[in-house]
Amino acid sequence: MKNIRLTALLLLSPFLGLLADNDYHYTVDIAHINNDKVHVKLTPPDISANETVFMFPAMVPGTYEVYNFGRFIENFKAEGKNGQVITIQKLDNNSYKLSPAGAISEISYDVNDTWDTEIKEKVVFEPGGTNIEDGKAIAMNTHGFFGYFKNMTAANFLIHVIKPEGFYASTGLTGLKSGKTEDDISVFDYHDLVDSPILYCQPDTTTIHIGNSQVLVSAYSPNHIVSSKFIARNLSELLMAQSEYLGGELPVDKYAFLFYFIDKPTLSGMTGALEHSYSSFYVLGEGDTSDIAQEVRDVAAHEFFHIVTPLSIHAEEIGNFDFNNPKMSMHLWLYEGLTEYAAHHVQVKSGLIDYSDFFQVMTDKMENARKNYNDTVPFTMMSKYVLDKYKKEYPNVYEKGALIGMCLDIMLRYYSNGEYGTQELMKDLAKKYGKRKSFKDEDLFNDIEKLTYPEIGTFLRTYVGGNKPLPFKDVFNMVGMTYIDKQVVKKITLGGISVGFNPSTNRLVVASTEKLDDFGKKLKFQEGDELVSFNGRKLTLDNIKEIFSNYFNNAKPKDKLEIEVLRKDKKGNEVMKTLKAKVKPVNVTEYDVIDVNKAATEKQVKARRAWLGIK
Ligand SMILES: [Zn+2]
């Protein structure tokens with residue numbers, strides 16, 4: 001056997017040099033970092049054309065923003081075989097025209113990172129950017145490190161990484177061979193490469209097993225405040241619920257949560273995450289762990305659900321994403337909206353949060369959508385032109401987009417007698433399309449209608465493709481609930497003050513009197529007043545909640561109210577004042593009031609139970 005193989009090899013060897021090499025061979029050196037810059041070399045695949053264009057992406061999927069990653073590339077060079085000169089012409093921020101293309105033996109350049117760049121225009125949202133911290137950690141969002149030749153994204157990418165000893169590559173990629181000071185990574189094509197961020201650092205990883213899936217949690221926390229174990233503990237319950245929600249099994253064999261915690265503010269002023277098919281990359285503040293737990297759960301629930309859409313359900317614009325001339329799809333309501341809805345719906349359905357929390361999230365979204373965005377722009381048009389004309393409307397995908405998801409879910413539960421909801425619809429759509437099969441933008445509404453009910457088609461065309469505000473009243477009625485957009489009620493208040501907390505005195509303080517109501521005016525609150533006692537009871541951190549809820553529940557009109565406050569006089573001395581007034585209900589405007597309709601029909605109750613489990 002051995003001999004036979006040897007003979008075959010010997011026979012083949014004279015021809016090996018003639019075989020075409022269609023792979024990209026990259027070498028990146030993160031062991032020798034100079035001034036936050038990493039040196040990258042590329043032996044290109046064979047190119048038959050006379051000239052070619054080498055490009056870095058202008059934009060990548062999921063960011064909905066053109067960042068021009070070529071801006072962070074320096075010292076771009078191309079060497080020719082046998083000393084031939086390669087002419088380089090820089091075409092724009094991202095592209096270099098090279099000729100003669102067939103003679104290129106090596107391309108090399110330095111990558112500067114986006115997280116602490118001098119370039120202050122169009123700051124890259126950190127989860128989609130790059131960070132290079134010598135000896136500490138590398139946020140290797142691959143699109144910031146590796147480019148491609150025009151029209152040649154469908155080739156293998158073989159990446160050789162030279163790394164400091166002890167560094168580990170956390171990634172959702174399966175084609176990784178890890179060594180002591182060198183790694184070899186093999187990726188199917190450029191789309192998969194961009195889809196696969198890598199976090200390089202001293203390892204702090206924990207693996208969770210959910211069904212047959214392996215979930216890697218990797219954390220870089222510069223001051224060792226947050227550990228992967230802590231995050232994994234917080235995520236496993238949620239992931240179990242998400243797996244249940246998706247039908248009992250996670251649709252991926254391997255998934256990686258990559259967490260990069262930071263101990264200073266980001267350049268963009270934002271923190272958050274970016275989703276990929278087999279991983280998500282998080283940039284979050286390394287703050288107090290109790291805050292982080294909820295933040296991590298909320299963001300992770302959203303990012304993880306992106307494995308459904310757009311990753312398995314998407315339009316051609318996303319499936320054949322053009323990195324340098326991106327076209328937008330009309331269906332951000334689906335990719336971001338339904339994902340955001342599912343991230344909260346899964347939590348209430350599995351009992352991780354209660355109903356009032358869920359409705360609070362939904363009514364906050366109603367308020368944000370109403371206050372901050374234009375409701376007369378059809379959502380499909382906003383989505384199509386989100387890179388330019390409707391850029392400012394983009395965050396509404398997390399507000400109105402999620403509400404579209406909620407309406408759709410409720411309607412489906414109603415028309416199907418509880419049997420079918422967005423959970424089932426997403427599964428059916430993922431089956432019909434898939435990771436490598438896109439839909440046509442203009443067909444989606446019809447396709448959904450064919451899978452469901454004519455009323456759903458009408459809803460999508462009227463309220464998502466049209467300019468009508470969402471019909472919350474009719475929709476909530478389907479699940480036996482009442483919805484009132486705005487009502488004025490008489491209520492007992494605390495005078496309409498905004499309350500803050502003074503940690504040095506441990507007292508509540510009147511932070512603002514801007515919205516003082518008639519009762520508050522009678523009490524004569526002033527900004528800066530520190531609350532000392534309430535109807536004779538001294539206020540402490542322990543009893544504040546009890547005292548106030550007792551007041552709101554039991555106070556009656558004309559009851560006496562006395563509040564002692566400490567107030568600074570003109571000289572800055574603190575003086576105790578007693579504010580007195582008789583309790584007087586005032587008019588309060590309430591928005592988005594949702595309640596259970598006790599007279600609901602059996603069909604409505606059935607739909608409600610299927611939707612949320614409420615009886
Ligand atoms: Zn998202």
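What volume does the largest pocket have? In this model, which is predicted, the largest pocket comes out at a volume of about 770 Å³, and I would like to go through its lining before turning to the second one.

Thirty residues would be a long list to read aloud, so let me name the ones that matter for orientation: of the 30 residues lining the largest pocket, F125, M270, T271, A273 and Y398 are the closest to its centre. As for secondary structure, the elements that contribute two or more residues to this lining are strand 19, covering 272-275, helix 4, covering 289-305, and helix 6, covering 332-349. Helix 4 gives the most, with 5 residues. Sorted by class, the lining of the largest pocket holds 13 nonpolar, 8 polar and 9 charged residues.

Now to the second largest pocket, which contains about 550 Å³ of space. Its lining is made up of 33 residues, and those that lie nearest its centre are P61, H191, H314, I318 and G319. Here the elements giving two or more residues are helix 2, at 190-194, strand 19, helix 5, at 316-319, and helix 6. Which element supplies the largest share of this lining? That is helix 2, with 3 residues. By class, the residues around the second largest pocket divide into 14 nonpolar, 11 polar and 8 charged.

If you have the structure open, please look at strand 19 and helix 6, since each of these elements gives two or more residues to the lining of the largest pocket and likewise two or more to that of the second largest pocket.

Terms used. Residues are numbered from 1 along each chain as its sequence is written. This is a predicted model: local features need pLDDT of at least 70, side-chain atom pairs count only at pLDDT 80 or more; totals for chains, interfaces and linings use all residues. Side-chain values use heavy atoms; hydrogens and water are left out. On a 1 Å grid over the protein atoms alone, a cavity is a set of points where a 1.4 Å probe fits but cannot get out, and a pocket is an open set with protein on both sides within 12 Å along at least five of seven lines; lining residues have an atom within 4 Å of a point. Grid points are joined across faces, edges and corners, and a volume is the space filled by probe spheres set on the points. Helices (H or I, at least four residues) and strands (E, at least two) are DSSP runs, numbered from the N terminus. Ala, Val, Leu, Ile, Met, Phe, Trp, Tyr, Cys and Pro count as nonpolar, Asp, Glu, Lys and Arg as charged, and the others, Gly among them, as polar.
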